[in-house]
Amino acid sequence: MGTSQSREDRITDSESEEDYEEEEEQYDDASGDHQNTQSSSSTSSAGAHKSLDDIDAKLKSLKLKYSSTLQQQNPNLKNSVKLYLHIGGNTPNAKWVISEKLTSYCFIKTSRINADDDDDEDGDESEGARGKGESWWVLKVGSKVRARVSTEMQLKMFGDQRRVDFVDKAVWALKFLTDEEYRNFVSQFQNCLFENVYGMEASEENKVKVYGKEFIGWVKPEVADDSMWEDADDHSLDSTPVKGSQELMEEFEEAANGGVQSLALGVLDNSFLVNDLGVQVYRNFNRGIHGKGICVKFDGGSSRSGGNMSNSTPKKALLMRAETNMMLMSPAKEGKPNATGLKQVDIETGKVVTEWKFEKDGTDITMRDITNDTKGSQLDPSESTFLGLDDNRLCQWDMRDRKGMVQNIATSDSPVLNWTQGHQFSRGTNFQCFASTGDGSIVVGSLDGKIRLYSKTSMRQAKTAFPGLGSPITHVDVTYDGKWVLGTTDTYLILICTLFTDKDGKTKTGFSGRMGNKIPAPRLLKLTPLDSHLAGNNNKFHGGHFSWVTENGKQERHLVATVGKFSVIWDFQQVKNSAHECYRNQQGLKSCYCYKIVLKDESIVESRFMHDKFAVSDSPEAPLVVATPMKVSSISLSGKR
């Protein structure tokens with residue numbers, strides 16, 4: 001097990017002034033990223049700051065001199081850049097080395113991403129696609145880089161250094177000779193990205209067509225109204241940021257008996273891990289969760305009904321009825337999340353009490369996800385309803401019959417859940433995930449990247465529909481008060497402020513009314529290119545969550561998401577702060593790269609903060625529970641005991 005900050009702050013090419021003087025041999029990464037990833041630290045000495053300033057000044061003078069020399073030697077080279085390669089990963093010997101002292105870049109449109117033949121060097125493809133098949137914009141740098149323009153490149157901008165970093169099978173950096181050349185590259189990249197995502201040229205007309213006039217700030221953040229981000233900042237003691245001197249510390253780690261599929265945290269005495277054997281019971285403590293040695297077997301007690309539910313391991317667990325019952329949902333087919341029904345487990349007896357079917361108007365249907373009616377309703381001992389989502393359905397299910405009575409499952413051959421309200425959409429909404437607020441409003445994420453907000457009174461039509469940025473939303477969460485929505489995509493998290501001022505001057509959320517024209521631009525939470533590369537090519541973000549509160553007036557303090565062996569933690573207050581150092585010298589949407597990393601020795605299944613009630617006085621947050629297929633760990637955000 002390991003805990004660390006974003007590893008960029010430990011990576012530097014040079015350890016002495018002599019190394020900095022050899023600018024042609026090495027390139028220093030410390031002057032920008034070190035300060036970015038440590039911006040929350042309050043412990044840096046004045047001497048350290050002075051040393052960094054001295055180094056930065058020397059670097060700038062060397063760069064100017066070198067840029068001038070390059071321009072004299074190659075006056076006719078178009079789109080000239082210096083290309084660097086990062087080597088050494090996260091080892092002490094990690095550094096930037098020059099890959100090509102002077103080369104050029106171009107954006108070409110092609111149907112071949114990994115072409116290696118000689119035609120590439122002729123530039124024949126730069127005028128358009130080869131043939132009539134599908135084609136994309138590709139960034140080509142010298143003979144070393146050929147990458148499809150996409151969010152998977154994890155492009156990070158350093159405007160003050162005229163530099164961009166990105167991933168293409170390795171971690172690369174481009175340095176530009178002038179500010180104008182740097183800005184031109186960024187603009188070209190963003191235009192090519194738009195066209196690759198939406199299949200149309202990045203004209204003003206097409207941007208309005210994709211985003212709508214109300215959301216033009218999503219493509220032009222400089223004209224967006226950011227005042228709501230500032231107005232929504234909670235400066236109370238509850239939202240005190242984690243200081244840089246406070247470390248992540250593991251409190252508990254124990255074996256999880258293998259095959260962990262999901263994590264169900266409780267507010268009361270117990271939390272639960274679902275694995276191949278059954279449901280493992282854990283005791284909740286202020287320092288994390290600890291195993292009780294109890295396992296509820298899936299076949300223990302068997303069901304009283306004769307339904308033909310899937311016998312595969314459940315992928316979804318939902319606590320209900322004051323956390324005495326659990327709903328378990330298993331995929332009907334391998335590789336797809338959709339289920340035809342679910343099992344209800346009585347946790348106190350360890351028995352599967354019934355198997356419910358999903359049915360509407362006498363026809364069997366499927367659900368891809370379920371969740372509680374509200375963020376706190378799992379504590380309600382009389383809770384009989386919960387929410388369901390399928391590709392084109394949003395509804396509420398009731399375990400009582402239509403007369404409001406609890407069904408007699410002992411005599412029912414195949415009990416059917418009652419569809420109490422909802423809507424079956426005729427067109428392809430491609431819903432993927434959803435979550436509820438403290439008052440029962442619902443946020444839904446879709447395959448096309450759209451995020452819809454539904455009021456607690458109607459599931460038929462969304463009050464607000466955010467256009468998204470083109471990447472599928474794989475998971476969504478919302479704060480208890482409904483003011484903030486967090487969407488997870490494969491390569492980034494998108495944080496959306498739902499607040500707006502209505503015509504009467506009242507501040508509302510997009511769950512209760514149409515947001516109008518002054519809609520704040522979202523903010524993105526990303527890994528640095530280096531951390532993204534270290535996380536692994538096939539590893540994607542999943543399960544982005546806010547920390548957990550179920551009380552009005554309390555503000556969530558952190559955000560957490562999982563990618564590969566990393567659990568990544570952002571400070572919520574820091575992300576909301578428009579003056580945050582990460583946002584300086586950026587073009588486009590503000591992207592935050594300041595985070596802490598929990599590193600495990602195997603891929604992480606899920607990372608969740610325990611309920612706010614388990615936060616102790618010397619910690620700014622409740623413990624973080626991290627589940628891997630074989631282990632479960634509890635992490636404290638404070639180094640104090």
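D477 is buried, and K375 is buried too. The model that shows this is predicted. The two residues form a salt bridge, with the closest N and O atoms 3.0 Å apart. D477 lies in strand 29 (residues 475-478), while K375 sits in the loop between strand 21 (369-371) and strand 22 (385-390), so the bridge ties together parts that are 102 residues apart in sequence. Elsewhere, salt bridges with shared partners join E253, K600, D601 and K631 into one network.

**Salt bridges**

The whole structure contains 19 salt bridges. Three of them are listed here.

| Acidic residue | Basic residue | Closest N and O atoms |
|---|---|---|
| E195 | K109 | 2.6 Å |
| D477 | K375 | 3.0 Å |
| D168 | K169 | 3.9 Å |

The pair of K109 and E195 links distant parts of the chain. K109 belongs to strand 4 (residues 95-110), E195 to helix 4 (residues 179-198), and they are 86 residues apart. E195 has a relative accessible area of 18%. The cut-off for buried is under 20%, so E195 counts as buried.

D168 and K169 form a salt bridge as well. D168 is buried, at 13% relative accessibility. K169 is exposed, at 60%.

**Strands and sheets**

Strand 29, which holds D477, is part of an open sheet of 5 strands. The order is 29-30-31-34-38, and the pairing is mixed. Strand 29 and strand 38 (591-592) stand at the edges. Each has a single partner strand, so one side of each is left without a neighbour in the sheet. Strand 30 and strand 31 pair in the antiparallel sense, over 5 bridges. In this pairing V485 stands opposite I496 in strand 31.

Strand 35 (residues 542-546) has 4 of its 5 residues buried, so it is largely enclosed by the rest of the structure. Strand 35 runs antiparallel to strand 36, and 3 bridges join the two. H545 stands opposite V560 in strand 36.

**Nonpolar cores**

The largest nonpolar core has 28 residues. Which members touch the most others? They are L495, F541, L559, V568, W570 and V575. Several elements give two or more residues to this core: helix 6 (227-231), strand 30 (484-488), strand 31 (493-497), strand 36 (558-563), strand 37 (566-571) and helix 8 (572-576). Another core lies apart from it. That one has 27 residues, among them L453, F466, Y492 and I519.

L559 shows what such a position looks like. Leaving aside residues up to four places away in sequence, L559 touches L486, L495, L525, H545, F546, V568, I569, W570, D571, F572, V575 and F609. Of these contacts, L495, V568, W570 and V575 are also among the core members that touch the most others. H545, another of the contacts, is the residue that faces V560 across the strand pairing.

**Cysteines**

How many disulfides does the structure hold? The count is 0. C582 is in none, and the nearest cysteine sulfur, that of C594, is 3.4 Å away. A disulfide needs sulfur atoms within 2.5 Å, so this pair does not qualify. C582 is buried, with a relative accessible area of 3%. C106, by contrast, is partly exposed, with a relative accessible area of 29%.

Terms used
Residues are numbered from 1 along each chain as its sequence is written. This is a predicted model: local features need pLDDT of at least 70, side-chain atom pairs count only at pLDDT 80 or more; totals for chains, interfaces and linings use all residues. Side-chain values use heavy atoms; hydrogens and water are left out. A nonpolar core is a set of buried Ala, Val, Leu, Ile, Met, Phe, Trp, Tyr and Cys residues joined through side-chain atoms within 4.5 Å. Buried means under 20% relative accessible area, exposed over 50%, partly exposed in between (1.4 Å probe, protein chains only). Contact means heavy atoms within 4.5 Å. Two strands pair if DSSP finds at least two bridges between them. A salt bridge is a side-chain nitrogen of Lys or Arg within 4 Å of a carboxyl oxygen of Asp or Glu.
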